[in-house]
Amino acid sequence: MKRLITFIMLGILVIGVVFSNGYVYADSVDNFISIRLTSPVKSNEVVHLYGEEGFLIFNKRNLTDYLEYITEEKIKVKIVDGKSIAIFDMEDNLIYSYKQEDELILTSSNYRNVQVEDKNYRDFIEFKIIDGRLLIINYVDLENYLYGVVPREMPAYFEMEALKSQAIASRTYALKNLNKHSSQGFDLCDTIHCQVYGGMDGEHERSNWAVDETRGMILTYNGSIIDALYHSNSGGITEDSSDAWGYSHPYLISVEDRFSTDAPNSNWTYNLSTDEVKTKLSNHGIYIGSILDMEIIDTTSSGRVKKLKIIGSLGEKVLNKGEIREVFGLNEIKSNLFTVKKDFKGSTSSLVYAIDGEGLAPQLVDLNNVSVIDGNLKQRSSRGLISRFINKNGIVDRELPQGVDNFIIEGKGYGHGVGMSQWGAQRMAEEGYSFEDILKYYYSGVDITTNNR
Ligand SMILES: [Zn+2]
């Protein structure tokens, strides 16, 4: 793969792929990327393909002449002897077999789509054997890839200028992240980890139009391609990348975002009981006993929660940034831009820590059950006589510490908050802003240039 990328970068490959029937497949194979397909996978042992009028097999480095024509429209692909990729007809007769190193790819003879299990993909399908499993890779032209990404990352009914902004952000993101999976033998995966890609089935004429209208356009800063991160809704202010992940980019700084204050998930509330907190923590291997309290102890410059302390009867746990949504759920705590309110519901919980004169570990005791005894073990007073507490500064505090029953998380926005807010882009487009305005608003100081890859 590395070799191939170098090869592509050097631009040695053929410019303009023309099939024998005169059909121009793509401007250049320089623009092809490899996407690991996970969504159609039913089995790692056998994959079913359907190709109208059969299949053509090519060497990846020479798309002008095919090596083999398979007349069967339905084929099965399997690993044989742990190292060969073999193509069978539906009666299990071997049609063709090759080694991964041969770098072969196949497409249907109609030059339009290959059906992999029950999903359709443009361009070529490549198979690789990784750890004894068959990997299905879509070797696809970048613009065709974007047809399958834009409607999965942004609803196709969004305003055209918002869809164009998404197309440019997704194109930029793909090119910037080409090495994300290079050690595994492909460029990008088809999940939220990279960008969601649904192949042909999810395509929509509006999002295809947005891709076509922005063909080749990417975002650069001082001539370098940017990391075009995006999210659903900023909640009113975007996040600086250095606050989110510790690396700073001049184009990913926090911006005030009034466009994201009146849209789905601009405001949300999530209630959870102390028991639910305990369960969620223990599901992630965190055991701190009964939950007594929760407090935000640090926030980023945009106000997003950096550190959330949870106090339990057996200890405390500080959750950092990403851990918070991981533990409580990405759809429950939709962003880190939140505050915590507490619902006491007149609880009579009176659990406190007490430590004896020997300085042993603090013990959890219920004040309703305590007595005060003197040095001769003689009872001096009971709980009934204790009416007020004095804190360590000698100030009379309150009668009894109240226990929390519920936490009310009040938040704004959805997603990590870095870069373009998709709902903000939609609102800007509704107000008449162009895709240039939208992209330059969310990515500070960038230029929109044409991809010369
Ligand atoms: Zn990925």
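Select Gly329 to begin: this residue, just after helix H7, has a positive phi of about 110°. The model is predicted, and the phi value is computed from its coordinates.

Next, step back into H7 itself, residues 321–328. Show the side chains of Lys321, Ile324, Arg325 and Phe328, which are the buried residues of this helix. Turn the view until you look down the axis of H7: the buried residues fall within an arc of 85°, so they line one face of the helix. An α-helix has 3.6 residues a turn, so residues three or four places apart point the same way.

What do the buried residues of H7 pack against? Select helix H6 (274–283), strand S21 (305–312) and strand S22 (315–320); these three elements are the packing partners.

Now go to the core residues. The largest nonpolar core has 70 residues, and within it Ile35, Ile125, Tyr145, Ile438 and Tyr443 touch the most other members. Add helix H3, residues 160–176, which gives the most to this core, with seven residues. Colour domain 1 (34–141) and domain 2 (144–243 + 250–262 + 415–450) separately: both give residues to the core, so it lies between them.

Centre on Tyr145. Leaving aside neighbours within four places in sequence, its contacts are Ile33, Ile35, Val140, Ala174 and Tyr197. Another core, of 17 residues, lies apart from the largest one; select Val305, Leu319, Val404 and Ile409, which are among its members.

Move on to a sheet. Six strands make up this open sheet, in the order S9-S8-S7-S4-S11-S12, with antiparallel pairing. Which strands are at the edges? Select strand S9 (94–99) and strand S12 (119–121), each of which pairs on one side only. Neighbouring strands of the sheet are turned by 30° against each other on average, with direction ignored.

Stay at the S12 edge and add strand S11, residues 114–116, which runs antiparallel to S12 and is joined to it by three bridges. To see one pairing, pick Gln115: its bridge partner in S12 is Asn120.

Finally, zoom out to the whole chain. How many helices and strands are there? The chain has nine helices and 30 strands. Colour by burial, and buried residues make up 36% of the 453 residues. Draw the contacts between residues at least 6 apart in sequence: 65% of them join residues at least 24 apart.

Definitions and conventions
Residues numbered from 1 in each chain as written. Predicted model: local features only at pLDDT ≥ 70, side-chain atom pairs only at ≥ 80, totals over all residues. Helix = DSSP H or I, 4+ residues; strand = E, 2+ residues; numbered from the N terminus. Buried ≥ 20, exposed ≤ 12 C-beta atoms within 10 Å, placed from the backbone. Contact = placed C-beta atoms within 7 Å. Arc of directions from axis to C-beta. Pairing = 2+ DSSP bridges. Axes fitted to C-alpha atoms, helices over the stretch in contact; angles between N-to-C directions. Core = buried A, V, L, I, M, F, W, Y, C linked by C-beta atoms within 7 Å. Domains from an automatic or database assignment.
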